[in-house]
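Visitor: I have a structure to look through with you. Can we take it piece by piece?
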Amino acid sequence: MNLVHLHLLLNHFPIIGTICGLGLLLVSLSGKNDDLKRAALIVFAVMALISLPTFFSGVGAQGAIRGLPGVSNALIERHEGAAMLAMLFMEITGALSLIGLWQTHRSLKPARWNVLAVLLFSLITVGLMSRVGTTGGDVRHPEIWSGGAQPVDTGIAGIIATFEPAPAKFTDLMIGNKFWWAFMMDLHFIGLALIIGAVGTLDLRMLGFFKDLPLRPLHQLVPWALAGFGINVTTGVLAFIGMPGFYTYDIVFWMKMSAIMLLGLNAAAFYFTNSFNVVEHMGPGEDAPLLAKWIAGSSLVLWFVVITLGRYIQSYTDTIKPR
Amino acid sequence: MALPLFLQSIEDSSFSTWMRESESPFAFYFVLLFHTFGLSLLVGANSIIDFRLLGFMRGIPLAPLKRFFPIMWVGFAINATTGVLLLTAYPTKALTNPDFYIKLTIIGFAIWVLVTIRKRVFDDTSLTEPEMMARGANLARWSLLLWVGAISAGRLLAYTYRYVTFP
């Protein structure tokens, strides 16, 4: 297993997953089925999360094939630029979906504006993701080049290409000014404090601390945690773009990403088992069921693992071989 | 201006040298990690109290949030301790940087605001929730502002120093 494997393993998910999500959303709209609508929003949120390691592993894949005979660096950067633009729309779709899921929790269905926004952004994401797939295929599969010549973006592809950032310029933009970098890191720490404050309170109450607090309203903390997470995904991705080689060949960075994926599973375990329903109706003094306590405990531990791994990234650079 | 020699003496001590130069993951970065843990406990819990005092998450009863204070004091104790250790590792770097004094001043005010919130809002158990919020809203605004300032000043220490060690 190396970073190329990881990239090949992950890169089909955002492309096919967003198509599945869009399909579910369209069917739910024609049939006015709110459960299907929720399913579509969940699929988009999951895809937004999986897109992060997919994007990050691309730099490792690039490092493994750059300079090999027949490999064009221009085609790789074309693919990377396409991925950056698609990522932007994917993450916005994911964030809108989480807002929609929050609304379904409060009033059984998402607001009209939310459904329209998710529809619009997921449509664009599906289109952009298919371009990411095609440009990615072009890197290593000359047999799919039309006319046998190195592909050139014309027509609609040409128009989209003008919106795609040049990766090297984007990198320079992130690291050109040290105070911009300091500002991003500052926000990353503020996001961290927000996450721990919100998630920590909810988890500790589920574990049996502060029992005079009713659990039901504590669920209002979740949007604050998600806001912190949103800040940190944004600043984290921008930092990665600023120093791709620094993070890519760092084993601790990948451990941190794995811990964040596990936290996604943790959230799924909370909402898709009976735990959430039970906790949702708990008043002051009541004790959460054992499963809910396990979920809360592992969430708390995993968040501190994420902080720990994040702190140690800079001590473990160059611990993964490029080839 | 000549730098005071005690900075050099601290740096020459075996503990300070070990903190800076050890390859062990349990040296400098371990202390820095706990400084981050302490931050998350203190600022995380305090920000939830602040947002609640400002009228967000009104479903959560205010009075039981008093239970957060021990957690915040643990966070503060961790950070006072680890802060001294970090200062021992790089005394010249910190003490020659005006930003370091700005950071300490901001933290001083933030803790003072926190203690005032405790006294004026939480210690008087006869207050109703609207009364608690009326008394605490302004303090909460200052608290949030000061903690953002403290974190920012702390982060800036890594980018604004003049000397790393005694020249």
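Guide: Yes. Keep in mind that this is a predicted model. The domain assignment splits chain A into domain 1 (1-165) and domain 2 (166-323).

Visitor: How far apart are the C-alpha centres of domain 1 and domain 2 of chain A?
Guide: Those centres lie 23 Å apart.

Visitor: And how many residues of the two domains are in contact?
Guide: On the domain 1 side of chain A there are 18, and they meet 16 residues of domain 2.

Visitor: Which elements give two or more residues to the domain 1 side?
Guide: Look at helix 3 (34-65) and helix 4 (73-107) of chain A. By class, that side of domain 1 has twelve nonpolar, three polar and three charged residues.

Visitor: New topic. What does chain B consist of, in helices and strands?
Guide: Chain B has seven helices and zero strands. Its C-alpha trace spans about 60 × 35 × 25 Å along the principal axes.

Visitor: What share of chain B is buried?
Guide: Buried residues are 37% of its 167 residues.

Visitor: What about contacts inside chain B, for separations of 6 or more?
Guide: Of those contacts, 84% join residues 24 or more positions apart.

Visitor: Now the two chains together. How many residues are in contact there?
Guide: Chain A brings 28 residues and chain B brings 25. On chain A's side, helix 8 (178-207), helix 9 (215-218) and helix 14 each give two or more residues.

Visitor: Which of them gives the most?
Guide: Helix 8 of chain A does, with 15 residues. Sorted by class, chain A's side has 18 nonpolar, six polar and four charged residues.

Visitor: Let's zoom in on helix 14. How does helix 14 of chain A cross helix 3 of chain B?
Guide: Helix 14 (residues 290-312) of chain A and helix 3 (residues 28-53) of chain B have axes that come within 10 Å. They cross at roughly 140 degrees.

Visitor: Why call that oblique?
Guide: Only angles over 145 count as roughly antiparallel. The crossing is at roughly 140 degrees, so helix 14 of chain A and helix 3 of chain B are oblique to each other.

Visitor: Is the crossing left-handed or right-handed?
Guide: For these two helices it is right-handed.

Visitor: Which residues make the contact?
Guide: From helix 14 of chain A come F304(A), I307(A), T308(A), R311(A) and Y312(A). Helix 3 of chain B supplies Y29(B), L32(B), L33(B), T36(B), F37(B) and S40(B).

Visitor: And their classes?
Guide: The residues of this contact are seven nonpolar, three polar and one charged.

Conventions
Residues numbered from 1 in each chain as written. Chains lettered and ligands numbered in written order. Predicted model: local features only at pLDDT ≥ 70, side-chain atom pairs only at ≥ 80, totals over all residues. Axes fitted to C-alpha atoms, helices over the stretch in contact; angles between N-to-C directions. Helix = DSSP H or I, 4+ residues; strand = E, 2+ residues; numbered from the N terminus. Parallel < 35°, antiparallel > 145°, perpendicular 65-115°, else oblique. Left-handed = near helix turned anticlockwise from the far one by under 90°. Contact = placed C-beta atoms within 7 Å. Nonpolar A, V, L, I, M, F, W, Y, C, P; charged D, E, K, R; others polar. Domains from an automatic or database assignment. Buried ≥ 20, exposed ≤ 12 C-beta atoms within 10 Å, placed from the backbone.
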